[in-house]
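I opened the notebook to go through this model one item at a time. Here is what I looked up, in the order I looked.

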Amino acid sequence: MISSDVVIAFVSLFIVFIVLGFYGKYWRRGDLNHVHEWSLAGRKLGTTLVFFLIGADLYTAYSFVAIPSGVFAKGSLYFFAIPYVMLTFGVALVTMPRLWTLAREKGYITASDFVKDRFGSSTLAIMIAITGIVAELPYIALQIVGMQSVLTVMFSGFANAQVVEEISLLIAFVILAAFTYTSGLRGATLTAIFKDIIIWITVLVVIIAVPISIGGFSHAFSQVKSSYVTLSSSLVPAYATLILGSALALYLYPHAISGVLSSESAQKLRKSTALLPLYGVGLAVLALMGILVFAVPSAMNFLSGFPESSRGILVVPSLILYTLPGWFAGIALLGIFVGGLVPAAIMAIAQANLLTRNIIKEIKPNISDSSEIKITKISSTAFKFIALGFVFLVPATYAISLQLLGGILIAQILPAVLFGLYVKSLKKTPLIIGLLVGIGSGIYMVEAANSFGPFTSSLFSTVFGPIYIAVISLAINLAIAFGGSYAIKKTQALKT
Amino acid sequence: MRIKKIHVILALLILIPSFVNLGVPIYNRESPEILGLPFFYWFQTLWLFATAGFYFVFAHLKEKHHDKL
């Protein structure tokens, strides 16, 4: 049972969070009946705010749940998240200011808007919108799993813990849906700053307090196998391709593009992107918790009360609860809880934009501005509850695996979205075929790598060793897109 | 000629950190340790600061030479 000071700190900060979310409506006031005002906070965010908003996409349940849980279960392989965030900002630094400039000139809100304009193909634009929506869903589900892990640790020992947990989640989601509906991306940005401040404080306290209380890092590393200390040489190709594939994929997610387009200028976007690798420091600390926990007997004892498959998810909240004073643990747990809630809001907004602008408007082109914003708001609410329902229905460990599949899917829109920014010779038909083959081959390889059973691995064994599937299917996709475009150019040249 | 040189510098500012990140054998070792943390972990964490430095210079140069690039 947890002490009351944990609960008091948690609940009072959650109230602050709610107030900020609703206050967002009045912050830097704009006419929220315009799509770009509601979805992109009026494209007025400066260096610091974009830093926090895109940073919010990083400090998600991916960092609190998926990565520490992977380090806990498999060791150093999952530290790939740190070089991945470094590389992804390099990719963004080169490509995103250009997308921002085009979007400002032509009024794009989504990547699909750009693709439709650039290639003149509604089919390709709709396919990219669908890929974005589908790939984003398990990402939202992962956020909910992260929130659930906090509640599980807090409520463990209570009677009817499961019921209390599900009701609390539902309440949190109704509140989230309400303030996203009224405040849009403004509410999400304000709460993102609040959440990131709490998490940064938590990370700093953990990295100082925990090693001291357990007698140094060396004590933790002496408790684990060698696969936790360095990578075995057979996993080097897996590590490198996980870095590359994830780095290429992050900025293709609809919510990352929303963050980019909400920036006030290309210069400010570039500056904040350049500094974002610093966020990785916090991520590194969270990842290390997957190893530090082995040296904390009380936390390990607590974890042993849960089935092995779900222990990883609980590593970070239980380590916090068993090493920090109660009131501070309450603050830190709240940070992790809203660390799932805020990204879920940003992601659902991005999905809703794709659905309204790139799918519904494509079918019914003469929707008025006011109905467009209404449909966007309602569908963003719907997407949140779809993800919530998903989490209630399937086991938590499954949500993490599906997120891996989401990464493989979203990587396939890279040829059209990123190369489309620079390469003039690309044609729509090879891009469509490349996208379909990329998705098809990705799904097939995931199935094959897991012997057509539950998803646990996203690595495919090749002659070079295990390789991240997103990279293989992206390579096939790129070969088709470029090869096909070249062939079309040649045949056209022959005809004339 | 000047513009060409700046292009090379800009490319290197992105490529050097990427090369180190993807060159896993460079940092896949246990020692030297710092505070009991294996090289593999502390090197990648500290490299984050270096990377941010490279990227920040990139952003700064890009802004300074905005009209020419």
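**Where two helices of chain A meet**

I began with a helix pair inside chain A: A:Pro254, A:His255 and A:Ser258 of helix 12 touch A:Ile346, A:Met347, A:Ile349, A:Ala350, A:Gln351 and A:Leu354 of helix 18. I sorted the residues of this contact and got six nonpolar, three polar and no charged. Next I took the geometry: the axes of helix 12 (residues 254–261) and helix 18 (residues 326–363) of chain A come within 8 Å, crossing at roughly 90°. Helix 12 of chain A is therefore roughly perpendicular to helix 18 of chain A.

**Confidence**

I reminded myself that this is a predicted model, and turned to its scores. For the complex, the predictor gives an ipTM of 0.91 and a pTM of 0.89.

Chain A has a mean pLDDT of 85, with 94% of its residues at 70 or more. Which elements of chain A have the lowest and the highest mean pLDDT? I found helix 2 (residues 35–40) of chain A at the bottom with 64, and helix 21 of chain A at the top with 92. A note to self: where pLDDT is low, predicted coordinates should not be read in detail.

For chain B the mean pLDDT is 86, and 90% of its residues reach 70 or more. Among the elements of chain B, helix 3 has the highest mean, 92, and helix 1 the lowest, 86.

**Chain B by itself**

I counted three helices and zero strands in chain B, so to speak a plain α-α-α order from the N terminus on. Chain B has 69 residues, and 29% of them count as buried. I also checked how far its contacts reach along the sequence: of those in chain B with a separation of 6 or more, 50% are between residues 24 or more positions apart.

**Chain B against chain A**

How many residues does each chain bring to the contact? I got 33 from chain A and 28 from chain B. On the side of chain B that touches chain A, helix 1 (2–22), helix 2 (24–27) and helix 3 (39–64) of chain B each supply at least two residues. Helix 3 of chain B gives the largest share of that side, 14 residues. By type, the side of chain B that touches chain A holds 17 nonpolar, seven polar and four charged residues.

**Helix 2 of chain B and the loop after it**

I then went to B:Pro25, which sits in helix 2 of chain B. Is B:Pro25 buried or exposed? It has 10 other C-beta atoms within 10 Å, so B:Pro25 is exposed. Its C-alpha lies 9.8 Å from that of B:Phe40, and the two are 15 residues apart in sequence.

Two backbone details caught my eye in the loop between helix 2 and helix 3 of chain B, where B:Pro32 and B:Leu35 are both placed. The peptide bond joining B:Ser31 and B:Pro32 is cis, with omega about 0°. B:Leu35 is not a glycine, yet has a positive phi of about 50°. I counted 9 C-beta neighbours inside 10 Å for B:Leu35, so this residue counts as exposed.

**A hairpin in chain A**

Back in chain A, I followed strand 1 (residues 459–462) and strand 2 (residues 465–468), which run antiparallel and are joined by four bridges. The hairpin that joins strand 1 to strand 2 of chain A does so through two residues. I wrote down two of the bridge partners: A:Thr462 goes with A:Gly465 in strand 2 of chain A, and A:Ser461 goes with A:Pro466 in strand 2 of chain A.

**One loop residue in chain A**

My last stop was A:Val423, in the loop between helix 21 (414–422) and helix 22 (428–449) of chain A. Why does A:Val423 count as exposed? The cut-off for exposed is 12 or fewer other C-beta atoms within 10 Å, and A:Val423 counts as exposed because it has 12 C-beta neighbours inside 10 Å. I also looked along the chain to A:Phe482, 59 residues from A:Val423, and found their C-alpha atoms separated by 9.7 Å.

Technical notes. Residues numbered from 1 in each chain as written. Chains lettered and ligands numbered in written order. Predicted model: local features only at pLDDT ≥ 70, side-chain atom pairs only at ≥ 80, totals over all residues. Contact = placed C-beta atoms within 7 Å. Nonpolar A, V, L, I, M, F, W, Y, C, P; charged D, E, K, R; others polar. Axes fitted to C-alpha atoms, helices over the stretch in contact; angles between N-to-C directions. Parallel < 35°, antiparallel > 145°, perpendicular 65-115°, else oblique. Buried ≥ 20, exposed ≤ 12 C-beta atoms within 10 Å, placed from the backbone. Pairing = 2+ DSSP bridges. pLDDT = per-residue confidence, 0-100.
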